[in-house]
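Biologist: Please take a close look at one part of this model, starting from a single stretch of the chain. Then follow it outward, so that a first-year student can see how it connects to the rest.

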Amino acid sequence: MVKKILKNGYASLIFLFLYAPILVLIIFSFNESKSRGTFTGFTLKWYQDLFTNEAVMVALRNTLVIALATTVVSTVLGTLAAIGIHFSRGIFKKTALNLNYLPILNPDVVIAVSLMALYRFMGLNFGLLTVLLSHITFCTPYVVLAVLPKLKQMNVHLAEAAMDLGATPMYALRKVILPEIMPGIITGALMAFTLSVDDFAISFFTTGHGVQNLSILIFSMARRGINPVINALSTFMLIGFFLLLIIMNKVSRKEEQDVE
């Protein structure tokens with residue numbers, strides 16, 4: 001009993017250490033003054049400034065446009081790639097899996113500089129398009145890794161049985177395979193959206209003049225001194241990611257219930 005209490009106490013201390021900075025950020029987003037060390041009174045003026053700040057609204061729009069487009073494209077590409085890898089055999093399958101791991105294992109700054117050099121070589125104008133292409137590039141491997149486990153759990157004879165009964169390969173894909181792996185597709189889509197919104201390094205190296213997302217904007221604002229508007233913006237982002245976490249947990253629970 002004593003050991004259990006000690007373990008719970010240690011776990012509580014660890015979580016307190018991890019989440020204390022986030023809690024302080026949320027509290028000081030309601031601070032009346034710009035001070036980061038003294039809470040002088042409750043106010044909502046920083047949230048009002050946030051919604052009237054044109055630069056923040058433009059960055060938020062760019063972030064959502066890039067994240068949603070990245071989610072759709074990377075989910076489609078990642079799902080098709082995962083299906084192709086799953087049904088392939090031999091050296092091609094091992095090579096494809098290893099190539100898929102590379103963007104995940106490489107540091108973000110390496111991928112960012114590589115993509116920047118590629119776009120320079122191709123003569124592309126840096127802007128919203130280059131950022132979108134970059135996000136699709138590094139998000140797609142995560143979708144592949146999210147879908148592959150569901151394909152491994154799927155009965156390998158389902159698609160064959162459907163085609164033996166007269167279904168075309170595309171019909172079997174739409175009506176048999178995709179419904180079976182849908183939880184993995186949803187998980188991969190949520191991961192792609194989260195990674196796209198969260199990214200800074202790759203966006204910073206591949207963006208153009210006048211085009212920035214929230215991470216770049218926060219970095220630029222922080223260099224001039226911490227503005228309480230950043231605290232308000234970060235609080236909204238935390239709430240958004242918390243809601244995504246709840247959705248992912250519900251999807252995971254549904255997967256466990258389906259398995260049982």
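**From residues 12-30 outward**

Modeller: The end C-alpha atoms of residues 12-30 lie 26 Å apart, and the span is 89% helix with 0% strand. Keep in mind that this is a predicted model. The stretch was chosen because the unreviewed UniProt entry annotates residues 12-30 as a "transmembrane region". The same annotation also covers 64-87, 99-122, 128-148, 176-195, 201-222 and 229-248. One of these, residues 201-222, makes a useful comparison: its end C-alpha atoms are 15 Å apart, and the span is 68% helix and 0% strand.

Now go to the end of the stretch, at Phe30. This residue is in the loop between helix H1 (2-28) and helix H2 (45-52). Buried means under 20% relative accessible area and exposed means over 50%; Phe30, with 22%, is therefore partly exposed. There are nine aromatic pairs in the model. One of them joins Phe30 to Phe42: the ring centres are 5.3 Å apart, the planes differ by 10 degrees, and the pair is stacked. Phe42 is in the loop between H1 and H2 as well, so the pair ties together parts that are 12 residues apart in sequence. Phe42 has 58% relative accessibility, which means that it counts as exposed.

The pair is part of a wider group. Ring pairs link Phe30 and Phe42 with Tyr47, Phe51 and Phe236 into a cluster. Two members of this cluster, Phe51 and Phe236, also appear in a nonpolar surface patch, together with Ile239, Phe242, Leu243, Leu245 and Ile246. The patch has an area of about 670 Å². Helix H11 (residues 228-259) provides the largest share of the patch, six residues. Leu245 is in H11, and its relative accessibility of 44% makes it partly exposed.

The buried side of the model can be set beside this surface. The largest nonpolar core has 25 residues, and those with the most contacts inside it are Val147, Leu148, Leu151, Ile177 and Ile181. Two or more residues of this core come from each of helix H3 (54-87), H4, helix H5 (108-122), helix H6 (128-153) and helix H8 (169-198). H6 gives the most, with seven residues.

Not every residue in these helices is buried. Thr137 is in H6, and with a relative accessible area of 39% it is partly exposed. The C-alpha atom of Thr137 is 9.9 Å from that of Val73, although the two are 64 residues apart along the chain. Tyr101 sits in helix H4 (residues 90-105) and is partly exposed at 35% relative accessibility. Its C-alpha is 8.9 Å from that of Tyr142, and 41 residues separate Tyr101 and Tyr142 in sequence.

Last, the setting of all these parts. The chain contains 11 helices and zero strands, so its pattern along the sequence is written with helices alone, α-α-α-α-α-α-α-α-α-α-α. Its C-alpha trace spans about 75 × 65 × 30 Å along the principal axes. Of the 260 residues, 36% are buried.

Technical notes
Residues numbered from 1 in each chain as written. Predicted model: local features only at pLDDT ≥ 70, side-chain atom pairs only at ≥ 80, totals over all residues. Heavy atoms only, no water. Patch = residues over 30% accessible without salt bridge, like charges linked within 9 Å, V, L, I, M, F, W, Y side chains within 5 Å. Areas by Shrake-Rupley, 256 points an atom, 1.4 Å probe, with all protein chains shown as cover. Salt bridge = Lys/Arg side-chain N within 4 Å of Asp/Glu carboxyl O. Helix = DSSP H or I, 4+ residues; strand = E, 2+ residues; numbered from the N terminus. Buried < 20%, exposed > 50% of the residue type's maximum accessible area, 1.4 Å probe, protein only. Phe/Tyr/Trp six-rings, centres within 6.5 Å; stacked < 30°, edge-to-face > 60°. Core = buried A, V, L, I, M, F, W, Y, C linked by side-chain atoms within 4.5 Å.
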